[in-house]
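Me: Please take me through one pocket of this protein in detail. After that, I'd like to follow the side-chain contacts and finish with any enclosed space.

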Amino acid sequence: MKTALTIAGSDSSGGAGIQADIKTMTANGVFATCAVTALTAQNTTGVTDILESTPHFLAEQLDAVFTDIVPDAVKIGMVSSAELIAVIAEKLRQYGAERVVVDPVMVATSGAKLLRDDAIQALTSQLLPLATVLTPNIPEAEILSGLTITDAAGMEAAARTISQRYGCAVLCKGGHQINDADDLLWRDGSGKWFRGRRIPNPNTHGTGCTLSSAIAANLAKGYDLDRSVERAKAYISGALAAMLDLGRGSGPMNHMFDLKGGFAE
């Protein structure tokens, strides 16, 4: 069995973060390991508290995984401080990590910035150059490119700029009033659109975590990047279409919508 490592924060409500990553990786047929960057107290209505891992403890977690169950792919999500970003970059270089998917969690759904300026600088200078692919949403792509995105042409310009600047592929995700579910993959100087169907489900907590983890899982299994994105988009569409409705806010998807077998009954 192939393996994938998620480096991200814990979501106590189970819909995003490491919990969503592990469910997604499992549902996509790989064994999931994790390194926790932060504990969060949150539910479908919001985050009430965050307790960061120390740099030393994050390093210990990464050493424990890489020296025993070597990951075939790595997904990186919420990392809120420059010190933790530096640890991750150091360990990725130390162990020669391959197939690295970075979901640059920089902007909340409300539009609030989640990273301090020094952490953004560490992310862009230390971590993004190690990535195989980045998966920014529209606000994050605007920060990384320095451009304003109002349409598909703006997505293309931003994705091109980010890819050239950091030397990696970029999956610029649609939404945010730009389009419904169309994502743009830019790499090696050219772009490819991945069309998606809009699913009228208000429960979208953890969609970014889920998409990036599904891409990592498929890369771990040996699919190329295009096919990994295709399969990840099909998976997240199925999870949304299952119409799970939990909690009082924007609830989670059903990550295990395709789970079959007696133990799931």
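Reply: Happy to help; the pocket comes first, then ring pairs, charged pairs, a polar contact and the enclosed space.

The model is a predicted one, in which local features need pLDDT of at least 70 and side-chain atom pairs count only at pLDDT 80 or more, while totals for chains, interfaces and linings use all residues. Numbering starts from 1 along each chain as its sequence is written, and side-chain values use heavy atoms, with hydrogens and water left out.

The part to zoom in on is the second largest pocket, with a volume of about 190 Å³. A pocket here, on a 1 Å grid over the protein atoms alone, is an open set of points with protein on both sides within 12 Å along at least five of seven lines; a cavity is a set where a 1.4 Å probe fits but cannot get out, and lining residues have an atom within 4 Å of a point. Points are joined across faces, edges and corners, and the volume is the space filled by probe spheres set on them.

Around the pocket you will find A27, N28, N218, K221, R231, A234, Y235, H255, M256, F257, D258 and L259. Helix α8 (residues 225-241) gives the most to this lining, with three residues. Helices (H or I, at least four residues) and strands (E, at least two) are DSSP runs, numbered from the N terminus. Sorted by class, the pocket lining has six nonpolar, three polar and three charged residues. For that sorting, Ala, Val, Leu, Ile, Met, Phe, Trp, Tyr, Cys and Pro count as nonpolar, Asp, Glu, Lys and Arg as charged, and the others, Gly among them, as polar.

Two of the lining residues, Y235 and F257, come up again among the aromatic rings. Rings of Phe, Tyr and Trp (its six-membered ring) pair if their centres lie within 6.5 Å, with planes under 30 degrees apart called stacked, over 60 edge-to-face and the rest tilted. By this rule there are two aromatic pairs. In one, F66 and Y95 have ring centres 4.9 Å apart and planes at 0°, so this pair is stacked. It links distant parts of the chain, 29 residues apart: F66 is in helix α2 (residues 55-66), and Y95 in the loop between α3 (82-94) and β5 (100-102). F66 is buried at 5% relative accessibility, whereas Y95 is partly exposed at 26%. (Buried means under 20% relative accessible area, exposed over 50%, and partly exposed in between, with a 1.4 Å probe and protein chains only.)

The other pair brings us back to the pocket: the ring centres of Y235 and F257 are 5.6 Å apart with planes at 40°, so they are tilted. Y235 sits in helix α8 and F257 in the segment after α8, so the pair ties together parts 22 residues apart in sequence. Y235 is buried, with a relative accessible area of 7%, and F257 is partly exposed at 29%.

Helix α8 also takes part in the charged contacts. A salt bridge is a side-chain nitrogen of Lys or Arg within 4 Å of a carboxyl oxygen of Asp or Glu, and the count comes to eleven. In one of them, R187 meets D226, with the closest N and O atoms 2.7 Å apart. R187 belongs to strand β8 and D226 to helix α8, so this bridge ties together parts 39 residues apart in sequence. R187 is partly exposed at 30%, while D226 is buried at 16%. Both belong to a network of salt bridges that links R187, K192, D226, R227 and E230.

A further bridge joins the side chains of R195 and D182 (3.1 Å, N to O). R195 lies in the loop between β9 (190-194) and α7 (207-220), and D182 in the loop between β7 (169-172) and β8 (183-187), so the bridge connects parts 13 residues apart in sequence. R195 is exposed at 58%, but D182 is buried at 15%.

For a polar contact, look at S80 in the loop between β4 (73-76) and α3. Its side chain and that of E52 are joined at 2.3 Å, and S80 is buried at 14%. Such a contact is a pair of N or O atoms within 3.5 Å; within protein, one must be able to donate a hydrogen and the other to accept it, and residues adjacent in sequence count only if both atoms are side-chain atoms.

Finally, the enclosed space: there is one cavity of 30 Å³ or more, and the largest cavity holds about 50 Å³. Its lining includes I76, G77, V79 and D103, and divides into nine nonpolar, one polar and one charged residue.
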